[in-house]
Each structure stands twice: as C-alpha cells, then as structure tokens.
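Work through the exercises below with the sequence and the structure open. Each task is followed by a solution in steps.

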Amino acid sequence: MKIDRELLKGTTEIVVLATIAQEPAHGYRIVQRLRHDSEGILKFGEGTLYPLLYKLEAKGCITGQWKAGTGRRRRRVYRITPKGKKRLAAHTDQWARLVRGIALVVGEPTHA
Amino acid sequence: MHETERMNQWLERCFRGSGMPISRRLDIADEWRSHIEAEASALEVQGMIRSEAMETALRRFGRPETLRRQLRWQQLRQDMRDAFLSCRRQSLWIAAPGAIFAVVIAWFAPGFIPLSVRVTGGLGLVVDVVGAVVIFTLVGTFLEQRIKRERPRSEYNFAASMCRWTVIVMVSLVATALLAPLMIAYGGHVGKEGFLLSIIYNTYDPNMPVIEGGRWFFVRNFGMSFVGSPIRGFLVPVLAILAGAWILARYERSRCVENPFLQSSGRKHAAA
C-alpha cells in the first residue's frame, strides 16, 4: 500500500539519520537498507535522498568521506556526527510522543 | 547512445543553471554515477539488458528538473551562509563600503550629518550607518562569490549577464545614494533611535512631517544631477552604469570553463 506523501514528510530525516547511525554507508546502501529494514514500507527515491544528505552535511549532522568503490568509481560514505546523534535523539523522542498522541485519538490501527 | 554519453547528458540536465561550482558538480556527479551504475548492475542481474537497466536506474533516481531545482536552492542557501562567514572574516571589506557610504552622504547632503547628529543624539546615526554598511557588505560579498565562480561556457549568455549586472549596478548606486540619506532623514525625525531601530521597535511613522531641509535637500541635489544638465547629468551616470555592468559581464565570461558533462569522457579519480 502506498503511503501518502504528506504523511511521509518529516520522517525522511529521522529514518536516514537512524540508518547512518547504525553503520556508516554510502547513498546506494542507505536506500537498500531503508527498503530492507522497513520491510518495503519506506521507499525513498534517490532524488529525495541525496539533497537531504547534502542538507544534513551542511548542517553538520553527518560527514562524508570518499572511499574506493567497485571498479573505477569512488563512493562517498556518510557517518553521523555527535550533533547528528543529538538531533536524531530529539526527533525520535518527538516522533514517539506524536505517534502516541495520534494513537490515543484515533485508536490502535486495525490491519486488513 | 554510449552509456557514458547518456549519463553525461543526463547529469548535464541536472546541473544546468544550478549555479554550483564546477568542482562540486564533478563530486556530486561521481557520487550519482556510482549509485546509478550499482542500481543498473543489480537490475542486470535480475535479467534486464544493460541499456534498459540503465534507463530504469536513471528514471528511478529522479527527474533532472526536480533535482536541479533542489540543488539550486541548496546552493543559494550555501552561498548566503558563505557570504555571512566571509564578511565576518574580512574586516577590510566592511571598512571600504563604510568609507564609500560616508563619502556619498557628504557629497549629496553637506551639512546633513551635523543636523542628524544634533537631532538623533548620534546613536541613531551610528546604528543607521553600521546597519547600511553590514547590509551592503553582505550583498557585495554574496555577489562577489557568485561572479568569481567557474561556470560552464555553455550556460553563459552575454546579453543576460549584461542585463543582470546593469540592474544590480543601478540598484546598488540608487540604494546607496537614496537610501542612506533617507534613513538619516527619517531617523532624525523619529528621534534618537534612528531609522533602523525605529523600524525594529515599530515606532516609525511615515505620515509625520520630515525635518525641513532633510529629505528634500538630498532629493533635490540628486534630481538636479539628472534634470539640471541633460547631457552631463543624465548620460554620464547611465554610461557609467553600463560600463560597470560591461566590465562585470566580461569578468563573468572569463570565469567560464568547458562543460565536463558535454564531453565524451567523464573525469576519472584515483581511488581514495
């Protein structure tokens, strides 16, 4: 089932930071891990991911480092910074409270 | 079409008009190429032919127009951040506009500064001058780093550059000549806090009468330079603006380089 884009807004940053926090990774690996860890529920286009990575890097939440890739290409591996960890913790806490608040109002979801 | 050529054309569409420096474009291009090639290889393993896998990978990556828009906004925000940081480091650049500012005020409104100091008590004048210097320096630094940036020759258009710089030079001169004395005139009117602080404190009232000889004095002087002497008074400033714009447009042209994405081979890097 496709998730409404409006509902996804605001979640991209949290899941990307959480993925990088587990293990430093390059863009392709991040996309793969997101799809796998979310059991296919979260599917981010690369067009969404890379601008977000550059934004997080500019803010100091992640740092990028060039590493040798397969063949002749090099890859940029991203790693979370202490500032990024704080931001992730704060957003995760807010998200948990938001989910709880919504669940209290609408009730627990029923699965078809 | 050869795969590298296809990729280069696609990348060129993503970066065209983004305003990004060439070096940053090449870095991002390396990163995206690596991703797209990995995606295409994965699709090939699933049974797709290479060309189809590449097209699918490019389509999944995103529309070039959408990517270009996002990159352009990010670059604009980065330029503003860099301009701000650059201003803080370069005290000389802060002093130069301030000196020009003071000369312009003295030229258009001699005796104005003592009048303003007497009315505002000096504080408003200081705030207005410092505020204007900061604004002019920030804008100047922002424009400076944009004009110094290397750009692809294929994206440069002399007519568009000339029009853009004509407007910028004209607005800058008019803002310097008009805005500065206006700020002091209204600043003198609203009291010691001056124009900028009165805007912040919301005490500025444009309906109250202006100090005699304040605002109209400099407007009359400025207007005379256009109406009083048609040839000298009008043509000289216009020619000076066009000459300044021409110099800046030519300099922008000199910063152009060959577009790496329109060449048949991309850049290769040694493994890190």
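**Exercise 1: Aromatic pairs**

The model is predicted, and over all chains the count comes to 7 aromatic pairs.

Task: Classify the ring pair A:Tyr50 and B:Phe61, and state what the pair joins.

Solution.
- Step 1. A pair of aromatic rings is described by the distance of the centres and the angle of the planes.
- Step 2. For A:Tyr50 and B:Phe61 the centres are 5.5 Å apart and the planes stand at 20°. Planes under 30 degrees apart count as stacked, so this pair is stacked.
- Step 3. A:Tyr50 belongs to helix 4 of chain A and B:Phe61 to helix 3 (residues 50–61) of chain B, so the pair joins two chains.
- Step 4. Both A:Tyr50 and B:Phe61 are buried.

Task: Classify the ring pair B:Trp32 and B:Phe61 in the same manner.

Solution.
- Step 1. The ring centres of B:Trp32 and B:Phe61 are 5.1 Å apart, with the planes at 50°, so the pair is tilted.
- Step 2. B:Trp32 sits in helix 2 (residues 22–45) of chain B and B:Phe61 in helix 3 of chain B, so the pair ties together parts that are 29 residues apart in sequence.
- Step 3. The relative accessible area is 0% for B:Trp32 and 1% for B:Phe61. Buried means under 20%, so B:Trp32 is buried and B:Phe61 is buried.
- Step 4. Ring pairs link B:Trp32 and B:Phe61 into a cluster with A:Tyr50, A:Tyr54, B:Trp10 and B:Phe15.

**Exercise 2: The interface**

Task: Describe the interface of chain A and chain B, and the side that chain A gives to it.

Solution.
- Step 1. Contacts involve 20 residues of chain A and 27 residues of chain B.
- Step 2. About 2,100 Å² is buried between chain A and chain B, with carbon and sulfur atoms giving 50% of this area. In chain A, the residues that lose the most area to chain B are A:Tyr54, A:Arg73 and A:Arg74, together 32% of what that side buries.
- Step 3. Across the interface there are 9 residue pairs in polar contact. Elements of chain A that give two or more residues to this side are helix 3 (27–37), helix 4 (46–59), strand 2 (62–68) and strand 3 (74–80). Helix 4 of chain A gives the most, with 8 residues.
- Step 4. By class, the side of chain A that touches chain B has 10 nonpolar, 2 polar and 8 charged residues.
- Step 5. The interface holds 2 salt bridges. A:Arg74 forms a salt bridge with B:Asp30 (3.0 Å, N to O). A network of salt bridges links A:Arg74, B:Asp27, B:Asp30 and B:Arg33.

**Exercise 3: Salt bridges within chain B**

Task: Which parts of chain B does the salt bridge of B:Arg50 and B:Glu3 tie together, and which parts does that of B:Glu39 and B:Arg60 link?

Solution.
- Step 1. The whole structure has 20 salt bridges over all chains. One of them is formed by B:Arg50 and B:Glu3 (2.9 Å, N to O).
- Step 2. B:Arg50 lies in helix 3 of chain B and B:Glu3 in helix 1 (residues 3–15) of chain B, so this pair ties together parts that are 47 residues apart in sequence.
- Step 3. B:Arg50, at 24% relative accessibility, counts as partly exposed, and B:Glu3, at 27%, also counts as partly exposed.
- Step 4. B:Glu39 and B:Arg60 meet in a salt bridge (2.8 Å, N to O). B:Glu39 is in helix 2 of chain B and B:Arg60 in helix 3 of chain B, 21 residues apart.
- Step 5. B:Glu39 counts as buried at 4% relative accessibility, whereas B:Arg60 counts as partly exposed at 40%.

Key
Residues numbered from 1 in each chain as written. Chains lettered and ligands numbered in written order. Predicted model: local features only at pLDDT ≥ 70, side-chain atom pairs only at ≥ 80, totals over all residues. Heavy atoms only, no water. Contact = heavy atoms within 4.5 Å. Buried area = accessible area lost by both parts, 1.4 Å probe. Salt bridge = Lys/Arg side-chain N within 4 Å of Asp/Glu carboxyl O. Polar contact = N/O pair within 3.5 Å; in protein donor to acceptor, adjacent residues only side chain to side chain. Helix = DSSP H or I, 4+ residues; strand = E, 2+ residues; numbered from the N terminus. Nonpolar A, V, L, I, M, F, W, Y, C, P; charged D, E, K, R; others polar. Phe/Tyr/Trp six-rings, centres within 6.5 Å; stacked < 30°, edge-to-face > 60°. Buried < 20%, exposed > 50% of the residue type's maximum accessible area, 1.4 Å probe, protein only.
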